[in-house]
Amino acid sequence: MSTATHDHAHGHSHDGGHAHDDHAHDHKPYGMMRWLGSTNHKDIGTMYLWFSFTMFLVGGVMALIIRAELFQPGLQIVRPEFFNSMTTYHGLIMVFGAIMPAFVGFANWLIPMQIGAPDMAFPRMNNLSFWLLPPAAMLLIAAQFAPGGGAGVGWTMYAPLTTQAGPAMDLTIFAVHILGMSSIMGSINIITTILNMRAPGMTLMKMPLFCWTWLITAYLLVASMPVLAGAVTMTLTDRHFGTNFFNAAGGGDPVLYQHIFWFFGHPEVYIIAIPAFGVVSQVIPAFSRKPLFGYASMVYATASIAILSFMVWAHHMYTVGMPVEAQLYFMYATTLIAIPTGVKVFNWVATMWKGSLTFETPMLFALGFLFLFSLGGFTGLVLSIVPVDVQLHDTYYVVAHFHYVMVAGALFSAFAGIYFWLPKWTGRMYNETLGKWHFWLSLIFFNVTFFVQHFLGLAGMPRRVPDYALQFAEFNMISSIGAFGFGLSQLLFLYVVVKCITSGEKAEQKQWEGADSLEWTHLPSPAPYHSFVTPPALK
Amino acid sequence: MRNKLVKTISNTFAALTTAATAMSLMFPATAFAEYKLNLQIPNSALGHTIYDLHTIITWVCVVIFIVVFGFMFYAIFKHRKSVGHPASNFHEHFWVEVAWTIVPCIILLVMMVPATKALIQLRDTSEPDMTIKATGYQWKWGYDYIKGEGEGISFYSSLSTPRAQIEGTEKKGEHYLLETDTHVVVPVGKKIRMLVTAADVIHAWWVPALAVKQDAVPGFIRDTWFKATEPGIFRGQCAELCGKDHGFMPIVVEVKTAADYSKWVDSQKASMKKAAVADAPDKAWTLDELKARGEKVYAANCVACHQPTGMGNPPTFPALSGSKIVNGPKEEQLDRVLNGKAGTAMAPFKHLSDADLASVITYTRNSWANKTGEMVAPADVKAARAATK
Ligand code: HEM
Ligand SMILES: [Cu+2]
Ligand SMILES: [Cu+2]
């Protein structure tokens, strides 16, 4: 290993392994140790983002295996057990491996810069939160090779199917524990950073909305991840240590698992969505050359969404046979979430109203987000109506719904963020034409893949099935074609990013005319290794 | 620039349609049905209520969507820099913000009225004309007629689509994957209360045209109901992931007129009586009789996991051919099949009759590589049952 290792071995207490004789603030350790031992928020942010993209490709390949099998009726490519394993790990990897780490990556990169801080509050814990992810991912992948194959239980891991699953289930549970620890540490770091390290004059209500959304998301994570950890631990002890939490024969109740899972699961949906709202709330004003409309109401709407998200969990369980009073309550509470969500959408549109709009790639993705996320919101409203959900629950309508909010919502917002901040991060511009191609291809293929799934669900195709009746053949074929198109389009994204990093044109400090947060107004492109060594002077 | 984009989009679409056409030409063997865009045509009053509710809500959403994004697209075209629109600087407006909070509240309140009514109707299982219990098994359904005309009838219902169609060596039939060996027969115009439960993992009993979907939770009994308005055959599927063959456990409900239903009940009763005589406890079975019957029981209950060859699908599903338990003392095998093994997919098969259990055990002890030459009689099963009680 390099000399950097030696510096550490001295017990030199400084983070990041500075060489002893050099305390210049843009000095970086070299080689492997720069990454393994990194305590720098930018390096850790970068690692989060690359990790996320890798997982996105792994989960994407799994999705394509699913779609390849569903291209035609009949079993052609995989066996049903393997198919179930693919849906399970596709879901887990996309949610915990791709989308969540992507936004933690953004948080790492941006929060210190946007609040005028030098770094995150707990740099070493930051390092640990990241380095817990690769082992967890490894466990999820290793589960495929456990005796009996991956656990085909769905990403929701409902009992008592989980009691039947093989050793892969234990690996998966362990992976979920590790992912949870990582998220909780990341959240503590974000909360502390935002509450304690703002530059003088940066009051909470002056923070860029992205920081607000992460502050709220971090609280959601701290409150909900332990609940998931509890649910999977109870599954583990039911499997191996003779407990009967979810076993009716022993006095337990399988539905209890679902209540616990969704008490985590619904906030989880907003853990994914709220940082996406944050990114879009930075991008849309910048390209409208106008301040965000209703900043204060955006903060309140986000906070109310977060609070409400803990009170609606059983809308995922309308068909388990709850008392009708409970169903009524959950229906009313769920539709209530539409109000603050609506406020946000209206605010974004009002931000654009009478602006001076331009449509660079980040803006295109933000608009794609706005349009398609709202569509997913509307199908969510349809699903919240219990009698209608009784027909649509566990069908492809639901699959379409959550891919509109997760892919066209969260993922498009992440793309918008990447294109928006790449110039700041790398000091180089991406190729605008190729970026636009990436947007239009993603937009079209996304809709080809998922729009038709609404029809499949309405007509009665259940989800999580490896084969289907003949009346579903056409739309499945279209959906599969779209999925492969979408998958391939993402390779273009990889190309654009790599090309930008290696040979993009030089970017300016304030690459976007309308951008007004500190990273654009106070820091050069690329941003220095340590963001604000002295707090910026704010009015 | 804009022209270039439009061209790009239309080219992509053209390519897609060509690809799709090419694909459909490549697979002419697949029977293509028309494109179905909406919920199935309901066959119950409640189904119609839900259908209409869905239509109304969808249209409300479409209208709001068009209004909101009408504004967005207007801004996109009129308020762009390239047409020289200058940026204003406003960033709040109290009354507008109040309005777009209150108006959605009112729309939602109005929507909740029909939704609440439909929900209360949906959950009202009182005063049924008949009660049927549906039990989910990995991977088939069992039905017991509990109350009303036909009381006492009981049977299993599993997928009848041949393996060859699924694997593609044979042309797929019209009702591919939506056909079963026995149908749940019910009379038209009668309120049928369904008690839904499961024996192993969670399943869900779902027939779209009758607007019923109810999770089947092991250890608990939930209820739901339907009342068919027209005779006919209505097909559904299990709607909750229940393991390997979740996609292969359909439900077929056959709605008959009152007279036809009575005829069906009579014929069922007659064949049950015949079966009872055939399975009389004092009947002396021969090994060949048991084996022949066991083969059928095996095909209906065990092949999904242990395979027709008895080779299973190790390590998840062990082979029975050559198995130590199957070739060992019969008590152990009786125990395994009667009581299953907790924590594995091997569920208890207590619900099968003594004669069925005796025959399937005899069959497995004398098939493939297993040549014990021993038979297990219904009386042995009875004794084993008594021992575990
Ligand atoms: C190219 C993009 C994608 C394609 C083609 C795709 C496709 C699919 C398919 C076919 C299923 C199985 C549906 C079922 O049988 O129930 C599925 C499930 C799922 N997908 Fe995706 N997906 C994509 C991206 C994503 C992303 C980015 C997320 C991020 C959060 C995601 C989250 C999920 C989840 C949570 C499930 C449910 C898994 C389960 O049923 O247990 N997907 N996806
Ligand atoms: Cu939810
Ligand atoms: Cu099932």
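Which residue places a backbone N or O atom 2.7 Å from an oxygen atom of ligand 1, and how is the rest of that ligand held? In this predicted model, one such residue is Arg464(A), whose backbone N or O atom lies at that distance from the ligand oxygen.

**Surroundings of ligand 1**

A backbone N or O atom of Trp155(A) likewise lies 2.7 Å from an oxygen atom of ligand 1, while a polar side-chain atom of His90(A) is found 2.8 Å from a nitrogen atom of the ligand. These three residues, together with His403(A) and Arg463(A), come nearest among the 22 residues around ligand 1. Sorted by class, that shell holds 14 nonpolar, 5 polar and 3 charged residues. At least two shell residues are supplied by each of four helices of chain A, namely H3 (41–69), H4 (80–115), H15 (396–426) and H17 (473–503).

The iron atom of ligand 1 is coordinated at 2.0 Å by the NE2 atoms of His90(A) and His403(A). This pair links distant parts of the chain, since His90(A) sits in helix H4 and His403(A) in helix H15 of chain A, 313 residues apart. The iron site has 6 donor atoms with angles of 86 to 180° among them, and its geometry is octahedral. For orientation, ideal angles for six octahedral donors are 90 or 180 degrees.

**Two copper sites**

The copper ion (ligand 2) takes its protein donors from chain A: ND1 of His266(A), NE2 of His315(A) and NE2 of His316(A), which lie 1.6 to 2.0 Å from the ion. Along the sequence these donor residues follow the spacing H-x48-H-H. Because His266(A) belongs to helix H10 (residues 254–288) and His315(A) to the loop between helix H11 (295–308) and helix H12 (324–352), the pair ties together parts of chain A that are 49 residues apart in sequence.

The copper ion (ligand 3) is bound in chain B, where the protein donors are Cys238(B) (SG), Glu240(B) (O), Cys242(B) (SG) and His246(B) (ND1), at 2.1 to 2.5 Å from the ion. Their spacing along the chain is C-x1-E-x1-C-x3-H. The 4 donor atoms subtend angles of 84 to 128°, so the arrangement is irregular; the tetrahedral class would require all angles to lie between 85 and 135 degrees.

Relative accessible areas of several metal-binding residues are collected below.

| Residue | Metal | Relative accessible area |
|---|---|---|
| His90(A) | iron atom of ligand 1 | 14%, buried |
| His403(A) | iron atom of ligand 1 | 13%, buried |
| His266(A) | copper ion (ligand 2) | 6%, buried |
| His315(A) | copper ion (ligand 2) | 12%, buried |
| Cys238(B) | copper ion (ligand 3) | 0%, buried |
| His246(B) | copper ion (ligand 3) | 2%, buried |

**Strand S1 of chain B**

Strand S1 (residues 130–137) of chain B is largely enclosed by the rest of the structure, because 7 of its 8 residues are buried. S1(B) pairs in the parallel sense with strand S5 (residues 192–198) of chain B over 7 bridges, and within this pairing Thr197(B) is the bridge partner of Thr135(B). S1(B) is also joined by 7 bridges to strand S2 (residues 140–147) of chain B, in this case with the two strands running antiparallel. Here Lys133(B) stands opposite Asp144(B) in S2(B), and a hairpin connects S1(B) to S2(B) through 2 residues.

How values were computed: Residues numbered from 1 in each chain as written. Chains lettered and ligands numbered in written order. Predicted model: local features only at pLDDT ≥ 70, side-chain atom pairs only at ≥ 80, totals over all residues. Heavy atoms only, no water. Donors = N, O, S within 2.8 Å, 3.2 Å for Na, K, Ca; no water. Buried < 20%, exposed > 50% of the residue type's maximum accessible area, 1.4 Å probe, protein only. Near = heavy atom within 4 Å. Polar contact = N/O pair within 3.5 Å; in protein donor to acceptor, adjacent residues only side chain to side chain. Nonpolar A, V, L, I, M, F, W, Y, C, P; charged D, E, K, R; others polar. Tetrahedral: all angles 85-135°; square planar, octahedral: opposite > 155°, others 65-115°. Pairing = 2+ DSSP bridges.
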